[in-house]
Amino acid sequence: MTEQTPVARRGRPPGTSARELEVIALRLFTERGFHETTVDEIAAAAGVSRRTFFRYYDAKSDVLWNEFDNEVGTIRKLLADAPADLPVMDAVREAVLAANHYHAEDVPELRMRMSLLSSVPELAASATIHYDAWERAVSAYVGARTGQPADSLYPLAVGRAVLAACRAAYERWSARADADLTVYLDAALRALTAGFADAALTAEPSPSES
């Protein structure tokens, strides 16, 4: 019996993933410009079809948010599994740290991403949707833990404050590139926790009586 040469299959190559498309798109956006790079060019560089690209992403701008959106999903799951006796802000800090995996060697890629997000209006506008999802993941948890609606004062304040602290940590880390991102996140969130003790999150404030 003669040995037959395997027939090459068409379609998505093994190993192609949302992350691979993200890396390729980031490179092309940086080299050619965001608006100058087409979905077809990203797909071709990855060796996949246009249809395959849209199985992963709804729009070209979504590519740069892949890791961020994965992080939001991870934070939601970690908070859902957090022990009920763990202080609220400790649970939030531990979830944020566990969801992040960036190291100093990742800074060059993330600097390219930040440059695009700050210089392309379409990308800057899309940030609001993704940041809102991140905030809501935290606010929903705080609301559940404190027995308040997620859109009431303290859950909203915690969600937005945590995001602001994390963005500050991210910017400082990307400027220095001297450690893992978690070093900066941990420091920022520990400082924030000092002002959001559980006892301060128990009820909405009562308006002063006139």
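These legends describe close-up views of a predicted model.

**View 1. The whole chain is built from helices and has no strands.** The protein has nine helices and zero strands. Read from the N terminus, the elements run α-α-α-α-α-α-α-α-α. The protein has 210 residues, and 42% of them count as buried. Take the contacts between residues at least 6 apart in sequence: 71% of these join residues at least 24 apart. The protein exposes about 11900 Å². Carbon and sulfur atoms supply 54% of that area.

**View 2. The largest pocket is lined by 24 residues.** Its volume is about 510 Å³. Rolling a probe the size of a water molecule over the atoms shows where empty space is left. Which residues lie nearest the centre of the largest pocket? They are W65, F68, Y131, R167 and Y170. Several helices give two or more residues to the lining: α4 (66-80), α6 (107-119), α7 (121-146), α8 (153-176) and α9 (181-193). Sorted by class, the lining has 17 nonpolar, two polar and five charged residues.

**View 3. R113 is a buried residue of helix α6.** Is R113 buried or exposed? R113 counts as buried because its relative accessibility is 6%, and the cut-off for buried is under 20%. The side chain of R113 makes a polar contact with the side chain of E22, at 2.9 Å. Set aside residues up to four places away in sequence, and R113 touches R19, E22, L26 and L64. E22 therefore appears in both lists, as a polar partner and as a touching residue, while R113 itself stays buried at 6%.

**View 4. N66 sits in helix α4 and is buried.** The relative accessibility of N66 is 9%, so N66 counts as buried. A polar contact of 3.4 Å joins the side chains of N66 and E67. Which residues does N66 contact, leaving aside neighbours within four places in sequence? They are A18, R19, E22 and Y57. Two of these names, R19 and E22, are also touched by R113 of the previous view.

**View 5. T52 lies in helix α3 and is buried.** Helix α3 covers residues 50-56. T52 has a relative accessibility of 4%, so T52 counts as buried. Now look for S17. How many residues apart in sequence are T52 and S17? They are 35 residues apart in sequence. In space, they are 9.9 Å apart, C-alpha to C-alpha.

**View 6. E105 is an exposed loop residue.** Where is E105 found? E105 is found in the loop between α5 (88-99) and α6. E105 is exposed because its relative accessible area is 61%, and the cut-off for exposed is over 50%. Now find D180. Along the chain, E105 and D180 are 75 residues apart. Their C-alpha atoms are separated by 8.7 Å.

**View 7. A177 has a positive phi, although A177 is not a glycine.** Most residues other than glycine have a negative phi. The phi of A177 is about 50°. Where is A177 found? A177 is found in the loop between α8 and α9. The relative accessibility of A177 is 28%, so A177 counts as partly exposed.

Technical notes. Residues are numbered from 1 along each chain as its sequence is written. This is a predicted model: local features need pLDDT of at least 70, side-chain atom pairs count only at pLDDT 80 or more; totals for chains, interfaces and linings use all residues. Side-chain values use heavy atoms; hydrogens and water are left out. Helices (H or I, at least four residues) and strands (E, at least two) are DSSP runs, numbered from the N terminus. Buried means under 20% relative accessible area, exposed over 50%, partly exposed in between (1.4 Å probe, protein chains only). Contact means heavy atoms within 4.5 Å. Accessible areas come from the Shrake-Rupley method with a 1.4 Å probe; for residues, only the protein chains shown count as cover. On a 1 Å grid over the protein atoms alone, a cavity is a set of points where a 1.4 Å probe fits but cannot get out, and a pocket is an open set with protein on both sides within 12 Å along at least five of seven lines; lining residues have an atom within 4 Å of a point. Grid points are joined across faces, edges and corners, and a volume is the space filled by probe spheres set on the points. Ala, Val, Leu, Ile, Met, Phe, Trp, Tyr, Cys and Pro count as nonpolar, Asp, Glu, Lys and Arg as charged, and the others, Gly among them, as polar. A polar contact is a pair of N or O atoms within 3.5 Å; within protein, one must be able to donate a hydrogen and the other to accept it, and residues adjacent in sequence count only if both atoms are side-chain atoms.
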